[in-house]
Structure formats: C-alpha cells, structure tokens
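User: I am new to this structure and would be grateful for a close look at one part of it, namely the salt bridges. Please describe them in a connected account, together with the elements around them.

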Amino acid sequence: MSELVFFSGTMDCGKSTLALQITHNRSARGLQGVIFTRQDRAGEGKLSSRLGLVTEAVEVTDAMDLYAYLVGELSQGGRADYVIVDEAQFLASGQIDQLARIVDDLDMDVFAFGITTDFRTKLFPGSQRLIELADRIEQLQVEALCWCGARATHNARTVDGEMVVEGEQVVVGDVNRPVEVGYEVLCRRHHRRRMTSATAHAAALSPDVLPVNRA
C-alpha cells in the first residue's frame, strides 16, 4: 500500500539531506520520482541540503494543483514512481489534500519533509494538515542541539541579532530596509527566555549575569 509519510523536525535536523538520500536510493533501483519544493535556500526550483548537495526540483506556487500537475506529466508520457516534497510546511492546506489524493488515486508513495512549527511556536498550515492526513509521521533521527547542549525543539528568528516572536510567518527577505534575518534552533527553555547563543554569550561576559540582592 502506498503511503503519505511526513518527516518532521527542526530546521537543522537534516530533512533535505534525507530527501536527497531517498531520491538517490530509489534512482539506484531504477525508479523515477517527481520532486516538489518551495523557497529552498538554493533558489527557485532547487532541493538542497546543508551539506552542499543540490538537485533540480519543481517549484510549487500558490495556485499550483500538485495532483493535476502530476496527472498532466503522466498523460504526456512522463513517468513517476514516487513523489518527494521538501519544505512542505510552506504548502497550503489544500495542496496537502492533493498529496493525499496522489497516494490514494495514483497509488504512489509521497514523502513530505518539513518543519512543524514556526518561530512563534505555531503550526505551519501545511504541517498541520500533514499531521491530520499522513499515514505515518516520522521524527527525524538527526537531533539538532540548542547552544546549551539540550535537544533543540523550537525554531527562533532573529532580526539584526535580536530574537523576535512577532511578525509574518514566512520571511524570505525585506526589500524596504537592510535588516539581517537569521534563524537558530533552541530548546524550549531558552526559546521561552528568548536566549540565543549570541545573547547567552553576551550575558556570560556581563559582570552581573544574575540579579544580586544587596542588604
């Protein structure tokens, strides 16, 4: 039976590397897949890992019907034995329904990779729908670590070096002002305290790290 499988984790959990590994392993067995992605760090129509590996992919747009796209490819003589979807958290809820239809109606395995929550600890719509529909949810085994050494479970966004908990859910870039947007994985404790590696280092250098009560 074909399955819709959601591989979830934090930003540094190696999800894109696993997606590329699945593609490589299945290609070695003579299988062909269709790779969808959205807003990959390497640019439009790319699936890349932090290890520097890159392959071509189909860029998903807001209006794209993934089921219809795949049926169109097959109708024109194309071949697809399975589907890979990276950055699945950025897909719309309806597009996740289309992935489920690919599994059910076309009898293909669909492997979706994504992070579950955003920098505000809120579920992405695509990830929420995957949790609702997936046949299996796999927590990626590559553990990301917070700067303190604990298991990282939360994604933090920094703007000009300061952690923020408000703003748009997806930020690709700011064209209006030259701000530096960064991301870091943290444990729940330090995400709640808004303490990134940079602020922790600054606190360690401060002569008054903890409040001191003087009589």
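Analyst:
**Salt bridges and their setting**

The structure holds 10 salt bridges, and the model in which they are found is a predicted one. In one of them, the side chain of Glu56 meets that of Lys46, at 2.5 Å from N to O. Glu56 belongs to strand β4 (residues 54–56) and Lys46 to strand β3 (residues 46–48), so this pair ties together parts that are 10 residues apart in sequence. Glu56 counts as exposed, with 54% relative accessibility, whereas Lys46 is partly exposed at 24%.

Another salt bridge joins the side chains of Arg129 and Asp97, at 2.9 Å from N to O. Arg129 lies in helix α4 and Asp97 in helix α3; the pair therefore ties together parts that are 32 residues apart in sequence. Both residues are partly exposed: the relative accessibility of Arg129 is 24%, and that of Asp97 is 31%.

Helix α3 also contains a salt bridge of its own. Arg101 pairs with Asp105, and their closest N and O atoms are 3.0 Å apart. These two residues are 4 positions apart in helix α3, about one turn of the helix. Arg101 is partly exposed, with a relative accessible area of 42%, and Asp105 is partly exposed as well, at 47%.

In addition, a network of salt bridges links Glu3, Arg136 and Glu138. Strand β8 covers residues 136–139 and is an edge strand, pairing on one side only.

The two helices named above can now be placed in their surroundings. Helix α4 (residues 125–133) lies across β1, β7 and β8, and runs at about 130° to β1. These three strands are part of an open sheet of 6 strands, ordered β5-β2-β6-β7-β1-β8 with parallel pairing. Within this sheet, β1 (residues 4–9) and β7 (residues 109–115) run parallel and are joined by 6 bridges; Ser8, for example, has Gly114 in β7 as its bridge partner.

Helix α3 has a further role in the nonpolar interior. The largest nonpolar core has 25 residues, and among those with the most contacts inside it are Leu99, Ile102 and Val110. Helix α3 (93–106) is one of the elements that each supply at least two residues of this core, and it gives the most, with 5 residues. Beyond its neighbours within four places in sequence, Val110 is in contact with residues including Leu99, Ile102 and Val103. A second, separate core of 13 residues includes Val5, Leu47, Phe113 and Leu140.

Technical notes:
Residues are numbered from 1 along each chain as its sequence is written. This is a predicted model: local features need pLDDT of at least 70, side-chain atom pairs count only at pLDDT 80 or more; totals for chains, interfaces and linings use all residues. Side-chain values use heavy atoms; hydrogens and water are left out. Two strands pair if DSSP finds at least two bridges between them. Contact means heavy atoms within 4.5 Å. Axes are lines fitted to C-alpha atoms, for helices over the stretch in contact, and angles run from 0 to 180 degrees between N-to-C directions. A nonpolar core is a set of buried Ala, Val, Leu, Ile, Met, Phe, Trp, Tyr and Cys residues joined through side-chain atoms within 4.5 Å. Buried means under 20% relative accessible area, exposed over 50%, partly exposed in between (1.4 Å probe, protein chains only). A salt bridge is a side-chain nitrogen of Lys or Arg within 4 Å of a carboxyl oxygen of Asp or Glu.
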